[in-house]
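User: I should like to learn how to read the features of a protein model. May we work through one together?

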Amino acid sequence: MSSATLPKSSTGDGAFSVDSAIRAIPLLPRNAVLAALHGYRATISHLYGDVCKYYPSCSAYAVGAVQQHGALKGAALTALRLGRCHPWARGGIDDVPAHARYRYSLTPHGFVVPPRKD
C-alpha cells in the first residue's frame with residue numbers, strides 16, 4: 001500500500017526477512033485481506049472521493065483494524081464502523097481500538113511482519 005494514502009499510524013519501518021518466514025505464516029490471512037484493501041483503496045475508493053464523515057475514512061479504518069486485530073476481528077470491527085456510517089451520523093474522529101498485546105511490525109506499505117529478533 002502506498003504510505004501516502006494511509007494514516008501515519010498504519011505504516012512503519014519493518015521489513016520481511018527470510019529468517020522470520022516460519023513466524024510469518026500465521027500472518028498470511030491478515031496480509032491477504034490487507035492486499036485486497038489496497039486494491040480497493042487504489043481503485044474503487046478514489047471514485048467516491050472524500051465523502052466520509054469520519055476520520056480516518058472507512059477504508060483506512062479497515063486497514064488499521066485488520067493490522068491491529070487480524071482478518072476476522074478486523075472485519076467485524078469494520079462492519080460495525082460501516083454500520084455507524086450513514087447520512088445522519090455526526091462523524092468525527094473514530095480510531096481503531098488499540099490491541100492490548102500487539103506485537104508485530106508494519107512495513108512502509110502497511111503489511112504486517114513479525115518483529116525482528118535482534
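User: Leaving aside its neighbours within four places in sequence, with which residues is Leu37 in contact?

Analyst: Please keep in mind that this is a predicted model. Contacts are judged by distance, and the cut-off is heavy atoms within 4.5 Å. Once the neighbours within four places in sequence are set aside, Leu37 touches Ala62, Val63 and Val66.

User: Which residues make up the largest nonpolar core?

Analyst: A residue can join such a core only if it is buried, and buried means under 20% relative accessible area. Here the largest nonpolar core consists of eight residues, namely Leu27, Leu34, Leu37, Ala62, Val63, Val66, Leu106 and Val112. Two or more residues each are given by α2 (28-42) and α4. The largest share, three residues, is that of α4.

User: How many residues of α4 are buried, and what covers them?

Analyst: The same cut-off of under 20% applies to each residue of a helix. In α4, eleven of the twelve residues are buried, and the helix is thus mostly covered. Among the buried ones are Cys58, Tyr61, Gln67 and His69. Their cover includes α2, α3, α5 (71-84), β3 (105-106) and β4.

User: How far does α4 reach from its first C-alpha to its last?

Analyst: One compares the span of a helix with the value expected at 1.5 Å a residue. The twelve residues of α4 reach 16 Å, close to the expected 16 Å.

User: What is found in the backbone on either side of this helix?

Analyst: Two backbone angles deserve attention here. In the loop between β1 (54-55) and α4 (58-69) lies Pro56, and the peptide bond joining Tyr55 to Pro56 is cis, with omega near -5°. Just after α4, Gly70 adopts a positive phi of about 95°.

User: Is Tyr48 buried or exposed?

Analyst: A residue counts as exposed when its relative accessible area is over 50%. Tyr48 is exposed because its relative accessibility is 56%. This residue belongs to helix α3 (residues 44-48). Together with Tyr40, Ile44 and Val51, Tyr48 makes a nonpolar surface patch of about 420 Å².

User: Where does Arg116 lie, and what separation is there between its C-alpha atom and that of Phe16?

Analyst: Position along the chain and position in space are read separately. Arg116 is located in the segment after β4 (112-113). Although Arg116 and Phe16 are 100 residues apart along the chain, their C-alpha atoms are separated by 8.9 Å. Arg116 has 65% relative accessibility and therefore counts as exposed.

Technical notes:
Residues numbered from 1 in each chain as written. Predicted model: local features only at pLDDT ≥ 70, side-chain atom pairs only at ≥ 80, totals over all residues. Heavy atoms only, no water. Helix = DSSP H or I, 4+ residues; strand = E, 2+ residues; numbered from the N terminus. Patch = residues over 30% accessible without salt bridge, like charges linked within 9 Å, V, L, I, M, F, W, Y side chains within 5 Å. Areas by Shrake-Rupley, 256 points an atom, 1.4 Å probe, with all protein chains shown as cover. Salt bridge = Lys/Arg side-chain N within 4 Å of Asp/Glu carboxyl O. Buried < 20%, exposed > 50% of the residue type's maximum accessible area, 1.4 Å probe, protein only. Core = buried A, V, L, I, M, F, W, Y, C linked by side-chain atoms within 4.5 Å. Expected span 1.5 Å × (residues − 1).
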